[in-house]
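This report looks at how a protein chain surrounds a ligand and how its domains meet. Please keep the sequence and the structure in view while reading.

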Amino acid sequence: MDYIKLQERKIPVIADVDLFIAGGGCAGVGAGIAAARNGIRTLIAERMFCLGGTMTSGLMSKIAILETNHGIGEELIGRLDAYQKTNFLASRHEVPIDPELTKFMLDRMVIEEAGAEVLFGTTITGVIGGGRSIDAVIIDSINGTEAVRANYFADCTGDGQLGFKAGASYTTGNDEGYSSSPTLMFRVANVDIEKLISAMESRPELCASVKTAYSNHRLSPAQNRKNIARDRYAHFADFIPYIRQKVKENPGMFSDWEVEMMQQRGILFMNQPQGSHVLVNCTRIPYFKGNDNRELSRAMLSGRKQVEAVFRFMKFFLPGFERAFIMDTGSMLGIRESRRITGDYIFTEQDVESYRKFDDVIVSNQGGVEIHAVDGKETDIRELGKNDCYHVPYRSIIAKDFDNLFIAGRCFSSSHSALSAARNISYCMALGQAVGNAGALLIHAGKKNVREVDIKALQEKQRTVI
Ligand SMILES: Cc1cc2nc3c(=O)[nH]c(=O)nc-3n(C[C@H](O)[C@H](O)[C@H](O)COP(=O)(O)OP(=O)(O)OC[C@H]3O[C@@H](n4cnc5c(N)ncnc54)[C@H](O)[C@@H]3O)c2cc1C
């Protein structure tokens with residue numbers, strides 16, 4: 001490997017805060033709101049130009065949220081409903097949201113109301129510290145290179161970027177380092193959904209399905225119509241026998257890999273709050289390692305090619321899609337997993353499946369394991385019973401190698417399969433909320449180490465999500 005040497009440089013310190021949050025995605029939003037509401041000086045640095053991360057920039061415009069979760073996720077959906085005059089919150093545990101409107105709401109909730117400062121277009125590129133303590137982060141933006149000092153730091157980058165740059169221990173993917181396969185999401189507009197539903201009722205070939213991982217989620221045409229009329233979640237999936245039929249009738253219209261890709265997973269989409277457009281979730285990038293920019297580039301390229309092929313099928317063969325167009329593709333790839341920073345405790349699949357309870361619980365959850373196979377073909381969905389929940393302990397959101405580093409969202413300390421259960425949006429927000437609340441308790445008590453938090457006081461603040 002060829003190397004160049006960097007010269008020593010003097011970098012301006014532009015802020016000194018109580019809690020510095022790297023990444024303003026789902027966990028960063030939760031952390032920022034909770035910390036700032038508790039009156040501590042809070043700064044979020046976000047490389048994109050909006051809050052919400054994968055939820056907004058990645059077009060993950062459907063929040064999974066349990067009936068028992070009354071945290072920031074519920075607040076957000078409630079506010080979207082009030083603004084839109086809809087009742088989508090009632091459709092939990094899967095609630096469609098509008099990613100554009102969500103950007104406005106998050107600006108309001110995080111910056112204007114809670115009072116956190118947010119620097120957009122600002123990437124964390126380095127960490128300064130010694131031993132078990134981080135002193136400052138290096139950020140890069142249109143201003144050039146600058147630094148921010150803080151008492152506590154939170155890695156909410158999804159990819160464990162802050163922990164990685166600080167030298168924290170981490171793991172990636174499964175035993176071979178491959179991640180649950182990612183998806184490039186896209187939205188298709190100008191769709192006549194009622195026409196599709198009516199066609200599905202009168203043409204059995206449209207409803208025929210082969211058993212897929214999503215068969216429990218797929219709804220009948222009548223149920224989808226009812227749900228859409230009542231601001232509820234609607235879910236269309238499979239179409240695999242129909243794809244086979246149309247591909248056979250139209251030789252040469254799709255290449256071999258396009259046919260294989262569509263027949264493996266079928267087409268899966270759901271309604272959106274504003275109607276007449278749908279959110280499509282069916283591309284898959286096989287054998288993905290989330291910690292390499294060449295991999296990321298390959299994945300975006302492959303995702304866009306898949307989007308074009310799936311859309312071509314929809315436009316030409318799905319009734320109601322004749323005048324449809326691609327409204328947008330995610331400006332961020334939908335990454336299910338990359339680096340997981342190692343905490344004082346590594347949350348496991350056994351914890352999920354045995355509904356394990358912990359004394360230092362900070363969040364409860366009910367989501368089961370959902371692994372999107374590394375080859376992109378199958379999805380292992382293990383739904384849990386409805387009457388019990390598992391706990392996530394505080395020890396899994398504090399980095400084991402540091403005294404002042406929190407980790408929340410999909411880079412929290414967990415195993416490959418446990419993360420697949422515990423990475424939903426409202427849940428990442430709740431982990432972030434725990435970071436914000438813990439940071440505030442520590443600052444108000446004058447403590448220097450994340451391990452000195454008053455856990456009972458933290459649990460009291462987390463009561464809406466435990
Ligand atoms: C295809 C797919 C489908 C999904 N479906 C659902 C679903 O239906 N319902 C559901 O609830 N959940 C779903 N999820 C899960 C959920 O969307 C994610 O797990 C969750 O959004 C992760 O939140 P996070 O805060 O950890 O990361 P993110 O939301 O990704 O936020 C990380 C943020 O950090 C920023 N960042 C990264 N590096 C840097 C840096 N160096 N400097 C500055 N900023 C940085 C990013 O720009 C981003 O804004 C899905 C995920 C995927 C990929």
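Which residue has a backbone N or O atom that lies 3.0 Å from a nitrogen atom of the ligand? That residue is Ile-124.

## About the model

This is a predicted model, in which local features need pLDDT of at least 70 and side-chain atom pairs count only at pLDDT 80 or more, whereas totals for chains, interfaces and linings use all residues. Residues are numbered from 1 along each chain as its sequence is written, and side-chain values use heavy atoms, with hydrogens and water left out.

## The shell around the ligand

The ligand is surrounded by 33 residues (each with a heavy atom within 4 Å of it), and the closest are Glu-46, Thr-54, Lys-62, Arg-410 and Arg-423. By type, the shell divides into 13 nonpolar, 14 polar and 6 charged residues, where Ala, Val, Leu, Ile, Met, Phe, Trp, Tyr, Cys and Pro count as nonpolar, Asp, Glu, Lys and Arg as charged, and the others, Gly among them, as polar.

Helix 1 (26–37), strand 3 (62–64), strand 6 (123–130) and helix 13 (425–444) each supply at least two residues of this shell, and strand 3 gives the most, with 3 residues. These elements are DSSP runs numbered from the N terminus (helices: H or I, at least four residues; strands: E, at least two).

## Polar contacts and cover

Besides Ile-124, two of the residues listed as closest make polar contacts with the ligand (pairs of N or O atoms within 3.5 Å). An N or O atom in the side chain of Thr-54 is 2.5 Å from a ligand oxygen atom, while a polar backbone atom of Arg-423 is 2.6 Å from an oxygen atom of the ligand. The protein covers 97% of the 1,000 Å² of accessible area that the ligand has on its own, as calculated by the Shrake-Rupley method with a 1.4 Å probe.

## Two domains

The domain assignment, which is automatic or from a database, gives domain 1 (13–178 + 337–465) and domain 2 (186–329). Their C-alpha centres lie 30 Å apart.

Methods:
Polar contact = N/O pair within 3.5 Å; in protein donor to acceptor, adjacent residues only side chain to side chain.
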